[in-house]
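Subject: Structure handover

Hello,

I am passing this structure on to you. Please look through it before you read the notes below.

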Amino acid sequence: MAQPTKMVIINASPKGEYSLTLQYARYLMMHEKDVVWEVLYVGEELTDTDFDHTWFHASLDLIEQCEAVLWATPVYTMLVPYQLLRFLQLIEQEGRASLFVGKYATSIMSCFHYYDHLAQHWLQATCEDLGMHFMEGLSVDDKDLMNPTYRQSLRFFMEEFHHTCLHRLPVIRQSKDLVEDFVPFKPQPSASQGEKRGDLRTVLLTDEVGGEGNLSAMIKVFLASYPNQVEVVDINTFPYEGACQGCLRCELVGECDRKDGFQAFYQNLVNSCDVLVHAMNLEGRYLKPVWKLFLDRTFSNGHRTSMMGKHTCYLVSGPLDQLPYVRQFLEGKDMVGRENSVGVISDDLCIDQQLEALIAETALRLDRSARAHFQKGANFLGIGGMKIFRDLIYGMRGVVRDDHRFYKQRKLYDFPQRRLGNQLFNLVMGFAFLFKPVRLEAYKRMKPLYIAKQKQLVDSGRL
Ligand SMILES: Cc1cc2nc3c(=O)[nH]c(=O)nc-3n(C[C@H](O)[C@H](O)[C@H](O)COP(=O)(O)O)c2cc1C
């Protein structure tokens, strides 16, 4: 008789056995015939700074012996939790990355579908880099498992994955290998001219400063051109007690469960600064992992988009043109947060004088935009993201009280059913449109009617 297939669930949730995602993963495994499986609680084990090395080495042995991996991860800050990046980083440092080669993998992700596509893409591409055969995974919410029809699809999905793995069938690849094309940036920034102004609080967050890398050089050019004083904060130096534990104490009680002062540091930063500059190194298919640690911890500020109406800019070093999903993460962060970013500048699209001139000009534009209180509005990334947040917070308003207050005060509950004029319009039109002659008349007059108010304003010459 054939041996059952050995599988491992790699659970990235810091909540361990209380993980929602894990319930999905268990469901998939329990209803699939001829599999044996174990769970690795990577998220829980790697949440605190210190971790159990015996557990770590035993985990690697378990992965080596298995035939397939089911990644079970929540979406955290538009990606997977920092703990999963850390796990892969530790494996790399241990020289054991080859243990994934040739294995089949898929994923189950639970979330509110807020930028989950970025997490899905990152995970698949990262697995492909590791030499795995990755079958497209599923993204689920907290209700899907309660739906019998969806459970049928879950079982089918798992059966397909097992079948694919047993027969070593081909799977669709999503990414290409990253190409190393590093070009050193050697600018000659002129010494900064004149007194720097102190009336716009500007903070520059970075993972590299005063070093030899391109990012340090980019920062130097920025600082030389920017006409205001800047506080430079190296995010590596914060005394993190550990990663976000996903405990939601911040949402329920208002305080982060960690006692390292990060929540106060971050809230003070976003509440008091006018301009926030991010200088970031890419690593693998994302930013340097310390950014993930940092960004997950910013969740202690809830879903409050505290940078709203302020101004930002992003300096990025690394192959950004090969990582469009990282660009989309930065753009999404800007758009949902209404940060009014003046742009994402990367050192892979232009070098030396061109890059130097671009950074210098962007620094000046950032100053002008902040002083003019320029608001750039949002595209699909921002509008779509905000609708997910709005519905989520409204649906839990009795529990997430600080978020609810923030959304109410800023009139972020823009549900269409709340606009009385619109309701009345639809009531009247709903009746009138029962009659074809009315619909035909509306069709004839639609073009001028649609732009009537806007045209009147433009024609009037008013400012
Ligand atoms: C720090 C943090 C960040 C989160 N970020 C996202 C996100 O970007 N997108 C999303 O859809 N859900 C996000 N969520 C919600 C979780 O993905 C969701 O609650 C998930 O089901 C938790 O799964 P788990 O119980 O397995 O940890 C976040 C939750 C936390 C605690």
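The notes below go from the overall form to the domains, then to one pair of helices and the ligand.

Please keep in mind throughout that this is a predicted model.

Overall form

The secondary structure of the protein comes to 17 helices and 12 strands. The C-alpha trace spans about 85 × 75 × 45 Å along its principal axes. For 463 residues, a compact globule would have a radius of gyration near 23 Å, and the 25 Å of the protein agrees with that.

Domains

The domain assignment divides the protein into domain 1 (5-166), domain 2 (197-380), domain 3 (384-416) and domain 4 (418-460). The centres of domain 2 and domain 3, taken over C-alpha atoms, are separated by 24 Å. Contact between these two domains involves 10 residues of domain 2 and 10 residues of domain 3. On the side of domain 2 that touches domain 3, α8 (249-252) and α11 (324-337) each supply at least two residues. The largest share of that side, 3 residues, comes from α11. Sorted by class, the side of domain 2 that touches domain 3 has 4 nonpolar, 4 polar and 2 charged residues.

Helices α11 and α13

Helix α11 also packs against helix α13 (residues 380-395), at an angle of about 65 degrees and with the two axes 7 Å apart. The crossing of α11 and α13 is right-handed. On the α11 side, the residues that meet α13 are Glu331, Gly332, Met335 and Val336, and their counterparts in α13 are Leu381, Gly382, Gly385 and Met386. By class, the residues of this contact divide into 4 nonpolar, 3 polar and 1 charged.

The ligand

Where does the ligand lie with respect to the domains? Domain 1 (5-166) and domain 2 (197-380) both give residues to the shell around the ligand, so the ligand lies between them. There are 22 residues around the ligand, and Ser13, Ser19, Thr21, Pro74 and Cys111 come nearest. Helix α1 (residues 20-30) gives the largest share of the shell, 3 residues. The shell has 12 nonpolar, 7 polar and 3 charged residues.

If you want a starting point in the viewer, go to the ligand, which lies between domain 1 and domain 2, and then move to the contact of α11 with α13.

Regards

Note on methods: Residues numbered from 1 in each chain as written. Predicted model: local features only at pLDDT ≥ 70, side-chain atom pairs only at ≥ 80, totals over all residues. Near = placed C-beta within 6 Å. Helix = DSSP H or I, 4+ residues; strand = E, 2+ residues; numbered from the N terminus. Nonpolar A, V, L, I, M, F, W, Y, C, P; charged D, E, K, R; others polar. Domains from an automatic or database assignment. Contact = placed C-beta atoms within 7 Å. Axes fitted to C-alpha atoms, helices over the stretch in contact; angles between N-to-C directions. Left-handed = near helix turned anticlockwise from the far one by under 90°. Rg over C-alpha atoms; globule rule 2.2 N^0.38 Å.
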